[in-house]
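Trainee: I would like a close look at a single helix and its surroundings. Please take me through it step by step.

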Amino acid sequence: MNGCKNNANESHWHGKKWYAYGTSLTGEYRGRYAKYVAEISGLICVNKGIGGGGIIDNRKIYDAVMSEDGKASADLITLEVGANDGKAPLGLPTDTDDTTFCGSLNQCIKYLLENCPKAQIVIMDSTRQRYKLDEPENLSKLNAVLPGGYNYIERAEAIRRCCIINGVYFIPLSQLGLGLYRMQNNKNYLVDHVHHSELGGYNLAQGIWAYLKNIPLWYNELPK
């Protein structure tokens, strides 16, 4: 699956350092898209995905983002969120405390903007699940409500608005082709209720690249 591999040598991202934060959908163990994005773009990926991680239901991703782990020298930082935070209150895109999903996300973005001066910051919403965990017969619905009392559309829109408020880029993973009915009616794209197959991850990477290739580098000083 090397359909876009030659793009790497032509990309402004070629050879740049990428810190990829997120859930298991990002991580090296169960994630699939990150390695293909790196192949397509030429980015050097430092994969910080955490299985089961969240920014409020648990603080695994939140704490990783807030840590000093070398990201200060990154050229690109992505943060994929949502999959493990469905029990938390959504809150408002203007929240700034850590009692809601939006507030915790805003704190993460604030930290990255303040401490990673040369990085372009990109936030991504997690792709949704096709059935409830360990219940393959209980298929998800378009209007499915998460335990926190909101649906997937409301969460994706809240994430997008947090990005607008903070002036960072948003790549909507939920809108890159892995639609609910495609995932439910074709077993080629997911290996379980939510994790991508190689093919699913490859397709997702193509969609991410369609956005990322048009996102410029960030300059914290004029180029010489």
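Mentor: What follows deals with helix α1, its partner α6 and the cores. This is a predicted model, in which local features need pLDDT of at least 70, side-chain atom pairs count only at pLDDT 80 or more, and totals for chains, interfaces and linings use all residues. Residues are numbered from 1 along each chain as its sequence is written, and side-chain values use heavy atoms, with hydrogens and water left out.

Start with the helix itself. Helices (H or I, at least four residues) and strands (E, at least two) are DSSP runs, numbered from the N terminus. Helix α1 spans residues 33-41, and seven of its nine residues are buried, so the rest of the structure largely encloses it. Buried means under 20% relative accessible area, exposed over 50%, partly exposed in between (1.4 Å probe, protein chains only). The buried set is Tyr33, Ala34, Tyr36, Val37, Ala38, Ile40 and Ser41. Gly42 follows the helix, with a positive phi near 85°.

Now the neighbours. The buried residues of α1 pack against β1, β2 (44-49), β3, β4 and α6 (198-212). Contact means heavy atoms within 4.5 Å.

Take α6 next. The axes of α1 and α6 come within 8 Å and cross at roughly 50°. That makes α1 oblique to α6. Axes are lines fitted to C-alpha atoms, for helices over the stretch in contact, and angles run from 0 to 180 degrees between N-to-C directions. Under 35 degrees is roughly parallel, over 145 roughly antiparallel, 65 to 115 roughly perpendicular, and the rest oblique. The crossing is right-handed, meaning that the near helix is turned clockwise from the far one by less than a right angle.

On the α1 side, the contact uses Tyr33, Lys35, Tyr36, Val37, Ile40 and Ser41. Among the α6 residues they meet are Tyr202, Leu204, Ile208 and Trp209. The residues of this contact divide into 10 nonpolar, three polar and two charged. Here Ala, Val, Leu, Ile, Met, Phe, Trp, Tyr, Cys and Pro count as nonpolar, Asp, Glu, Lys and Arg as charged, and the others, Gly among them, as polar.

Last, the cores. A nonpolar core is a set of buried Ala, Val, Leu, Ile, Met, Phe, Trp, Tyr and Cys residues joined through side-chain atoms within 4.5 Å. The largest has 35 residues, and Phe101 is one of those touching the most other members. Its largest share, seven residues, comes from α3. Apart from it lies another core, of 28 residues, including Tyr33 and Ala34.
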